[in-house]
Amino acid sequence: MNEHADQQHTVQVNPGYGYGQLARALETARTHPDADTRRRAEEKGRTWRSVLAGMADGRLLIGSRTPVAGLPAWVTPEVVRGGFATGEPCAGGPLQRYEAEAARRAGVPEERAALFAHCLTEDGLAHLGALLDSGRYEVTVPEEAALLTVAWLARAEQVDAALDLVAELAPFAERLRFTPRPSTRPAPDAGSVHRSTVGQASRTFAARRPNPAVESQREALTVWAPFADEMLAHWLETARDDRPVLTRAPDEDWLRRGAALLTRYRALAARHTYCTKHLKPRENLGILRRALEETVAGRVLEPRLRGLLRSAAAGMVARRGVPGSAGHSALRHAQAVQAALPSHHALAGLLRQRLDGLPQDQGVPEVEPLLAPVTQEEALRARVPAGATIPAGLRKPLESALSAPLATLVERGVVPSAEVLAELVPQLVAATTARAYPDAALRTLAAANYRAFRNRRSLLLLHLERQVRAEELPWVRAVADERERRGASAGEVSAQALRQLAELAVQAFPGTILPNPLVRELSVLAGAADLGAPLVEELAADIFMGTFSPKFMTAARLAAEQLSGTLYERYYAIDYRAVRNLAIEEAATSRTTRKREGYGYRTSPGFARLCRERAEACSLGSLAPRPADAAKDAPKRRLRADRWSTAGNGMIVEQAQILTTHNLAALTTRAGVAPPAGWPDLARRAFTTVCRLTARLEGNPRPLSTIKDTAYAWRQMIYYLSLSTDQDLRSTLTWLTSESHRHAPHVTHRLAPALTGLHQCVKGRGPDEGEGRSLLGWSTNGHWLREGRRSGS
């Protein structure tokens with residue numbers, strides 16, 4: 001039995017999630033009105049059937065870092081929602097067009113194995129070398145950088161390393177593509193980043209459809225209002241003096257012109273379908289039309305219809321005047337001007353034309369020229385008025401494509417959250433890590449490989465298994481010695497980039513914890529800088545296995561060294577001296593006697609036990625157990641593992657975040673993060689986030705995630721306050737109270753217990769005494785912030 005099969009007895013994932021996704025896909029494919037959506041749902045359904053079949057027959061081990069039988073961990077797997085591998089590699093599938101063209105040029109069969117073999121010939125290596133020098137290639141999946149690395153090693157006369165790499169790649173040469181994609185443009189500027197490309201912005205504009213409500217109003221003003229005026233004027237010909245319509249008998253000419261009006265109405269109704277108000281029989285135009293149809297047909301109007309006709313005509317004249325009068329003409333002119341304004345749909349088409357001549361896979365250095373008013377030439381071509389301005393709703397796709405330094409994008413609001421920031425950081429980390437290589441061609445290749453690697457979707461992993469790192473890719477390992485030649489300078493560059501990015505994240509989003517993608521990128525820089533900064537991810541409560549890796553204890557020790565005796569330690573009732581001693585004791589034990597445990601990976605049982613004890617104490621209404629009565633209360637506080645819920649897991653995970661400060665202590669002490677605005681400013685802005693999130697609780701039927709984020713922002717604030725001077729702390733506390741009263745009354749009411757608890761803690765009392773309450777995110781007993789009152793009151 002192979003290693004992959006052996007893991008079946010240790011790694012198990014419930015397929016229920018997959019069945020749920022399959023059911024939703026099938027329902028969408030069956031019922032959705034849009035054909036493209038149904039097609040995508042059918043494809044998604046086929047994918048999930050493949051996943052479930054692979055789980056059933058053992059080809060897929062979801063939860064393992066090698067989920068696909070026969071493929072090593074470094075192969076980029078195709079991953080669907082939830083972290084489930086489909087069984088297919090991203091670099092697999094049918095031969096790409098560029099591969100087929102390369103095979104034809106080389107005169108070899110259109111097969112990957114044949115193309116792989118050709119690339120190792122003299123001609124093939126020369127072609128790859130030319131690509132390396134020009135930089136005109138793309139790496140969309142990391143595997144496409146493999147043969148370029150072989151070519152670089154060969155010309156660097158590192159033949160043994162090149163042969164070793166080829167030997168590792170060869171077993172997969174028939175299935176995976178290892179050749180790069182040729183490009184007409186060199187690599188992008190490493191100092192600038194962009195949220196989306198020109199091509200993505202162009203597709204956004206192409207997908208813009210006419211707004212039915214806007215087009216309905218435009219039709220009403222340009223088509224049906226003028227036609228209703230004509231219809232009214234026609235009926236007014238049958239009025240005599242100031243008497244109502246039909247007091248003068250229609251003549252033959254009137255009937256002929258009336259028939260022509262009805263014919264034109266039918267043509268307009270067939271061509272203009274947005275506005276349907278004219279179809280309603282009780283609307284004025286509907287009444288005028290129906291009466292005209294009856295009269296032209298030679299039928300006598302019923303008394304009721306005659307009364308409706310006279311009432312409709314009189315009302316229209318009273319409201320807007322007689323058609324052709326000064327007041328009526330002025331009104332219609334104003335409406336015509338309004339209707340002539342270009343639609344967003346038409347302007348989106350114009351913007352798409354402006355983008356057509358730009359490189360589609362890059363950002364734009366400036367967006368202002370693209371947002372200029374419509375020129376005369378464009379007006380003729382796009383059929384929009386010259387001088388028309390681009391509305392705000394169409395500016396965002398272009399601004400997202402702006403290519404500029406990351407700090408500029410944050411300042412301009414193009415990066416609105418830490419999650420979006422995390423999406424862009426890989427572009428900068430790629431350039432930063434690549435600087436460690438002395439050769440220019442290798443730097444370009446390393447940056448392209450890293451950008452592609454960061455697009456790799458995370459797998460669902462269990463038992464503290466970790467995601468594959470870029471250093472594990474065979475072609476990255478093959479040139480690792482090149483980085484070591486620049487060790488000191490590379491470390492300095494990475495340390496500087498880490499500090500700048502971390503400061504940017506904390507300064508821009510002080511009330512938000514660092515999202516996991518950003519933590520991973522910062523960890524890469526911290527590792528390259530050899531700072532010893534243990535950065536920890538946010539663990540998912542629903543799949544938490546009850547254990548922590550040793551870096552959590554290391555991070556808690558850093559926090560203890562920084563925060564002992566501070567407001568943070570008092571507020572969260574942490575004995576940081578005990579935490580530091582526990583960390584030292586566990587580290588010593590690990591070095592001497594403790595062996596690896598739990599699926600081949602080290603854990604920190606002491607840290608897990610501490611978090612569990614604190615969580616159990618919180619379930620009884622206290623932040624942490626008192627040393628004097630900890631033993632006495634232990635049986636009462638201990639909860640059976642089989643009854644521990646997702647909320648209970650969340651409480652444990654939150655205690656880990658509290659003890660470690662969720663990376664703030666590591667970044668400030670090891671990376672030297674010190675925001676220019678100062679800690680009091682960050683504390684105030686974090687509290688603003690607390691108020692904004694609290695405002696969302698009113699009338700919220702599912703408030704738990706918002707409460708969690710509120711507590712996280714509150715914890716960030718407590719940390720910033722703990723680093724402030726006593727004078728700044730006092731002034732900020734006064735500001736917090738006044739700031740809470742600037743918001744809605746329900747926000748002030750909900751936050752009052754938390755602010756009371758904070759003031760008490762500053763004065764030396766516990767935050768949960770009297771009317772005060774400590775603010776945490778998770779609870780198994782209902783949360784006091786949800787109802788805006790003390791729990792149990």
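Helices α4 and α5 sit oblique to each other in this predicted model, because their axes cross at roughly 60°. Helix α4 covers residues 97–106 and helix α5 covers residues 112–119, and the two axes come within 10 Å. The crossing of α4 and α5 is left-handed. On the α4 side, the residues that meet the partner helix are E99, A102, A103 and A106, while α5 brings R112, L115 and H118. Sort the residues of this contact by class and you get four nonpolar, one polar and two charged.

Now for another pair of helices. The axes of α10 (residues 212–236) and α12 also come within 10 Å, and this time they cross at roughly 50°. That angle makes α10 oblique to α12. The crossing of α10 and α12 is left-handed. Helix α10 makes the contact with W224, F227, A228, M231, L232, H234 and W235, and α12 answers with L285, L288, R289, A291, L292 and T295. By class, the α10 and α12 contact has 10 nonpolar, two polar and one charged residues.

Here are the two helix pairs side by side.

| Helix pair | Axis crossing angle | Residue classes in the contact |
|---|---|---|
| α4 and α5 | roughly 60° | four nonpolar, one polar, two charged |
| α10 and α12 | roughly 50° | 10 nonpolar, two polar, one charged |

Let's stay with α10 for a moment and look at W224 and F227. How far apart are W224 and F227 along helix α10? They are three residues apart, so about one helical turn separates them. Are they buried or exposed? W224 has a relative accessible area of 4%, so it is buried. F227 is at 1% relative accessibility, so F227 counts as buried too.

The structure holds 20 aromatic pairs. The rings of W224 and F227 make an edge-to-face pair, because their planes stand at 90°, with the ring centres 6.2 Å apart.

W224 also has a neighbour from a loop, namely C275. C275 is found between α11 (252–271) and α12 (284–296). Leaving out residues up to four places away in sequence, C275 touches S216, E219, A220 and W224. Why does C275 count as buried? Its relative accessibility is 7%, and the cut-off for buried is under 20%. The chain also brings C275 and L221 into the same comparison: they are 54 residues apart in sequence, with 9.8 Å between their C-alpha atoms.

Next, some more rings. Y571 and Y572 form an aromatic pair that is edge-to-face, at 4.9 Å centre to centre and with 80° between the planes. Y571 is buried, and Y572 is buried as well. Both belong to a cluster linked by ring pairs, which includes Y568, W679, F687, W714, Y719, Y720 and W735.

Two members of that ring cluster, W679 and Y719, are also touched by T668. T668 lies in helix α31, which runs over residues 664–669. Not counting residues up to four places away in sequence, T668 touches Q562, V673, W679 and Y719. T668 has a relative accessible area of 16%, so T668 is buried. For a contrast with those contacts, take T668 and L347: they are 321 residues apart along the chain, and their C-alpha atoms are separated by 48 Å.

Conventions. Residues numbered from 1 in each chain as written. Predicted model: local features only at pLDDT ≥ 70, side-chain atom pairs only at ≥ 80, totals over all residues. Heavy atoms only, no water. Buried < 20%, exposed > 50% of the residue type's maximum accessible area, 1.4 Å probe, protein only. Contact = heavy atoms within 4.5 Å. Axes fitted to C-alpha atoms, helices over the stretch in contact; angles between N-to-C directions. Parallel < 35°, antiparallel > 145°, perpendicular 65-115°, else oblique. Left-handed = near helix turned anticlockwise from the far one by under 90°. Nonpolar A, V, L, I, M, F, W, Y, C, P; charged D, E, K, R; others polar. Phe/Tyr/Trp six-rings, centres within 6.5 Å; stacked < 30°, edge-to-face > 60°.
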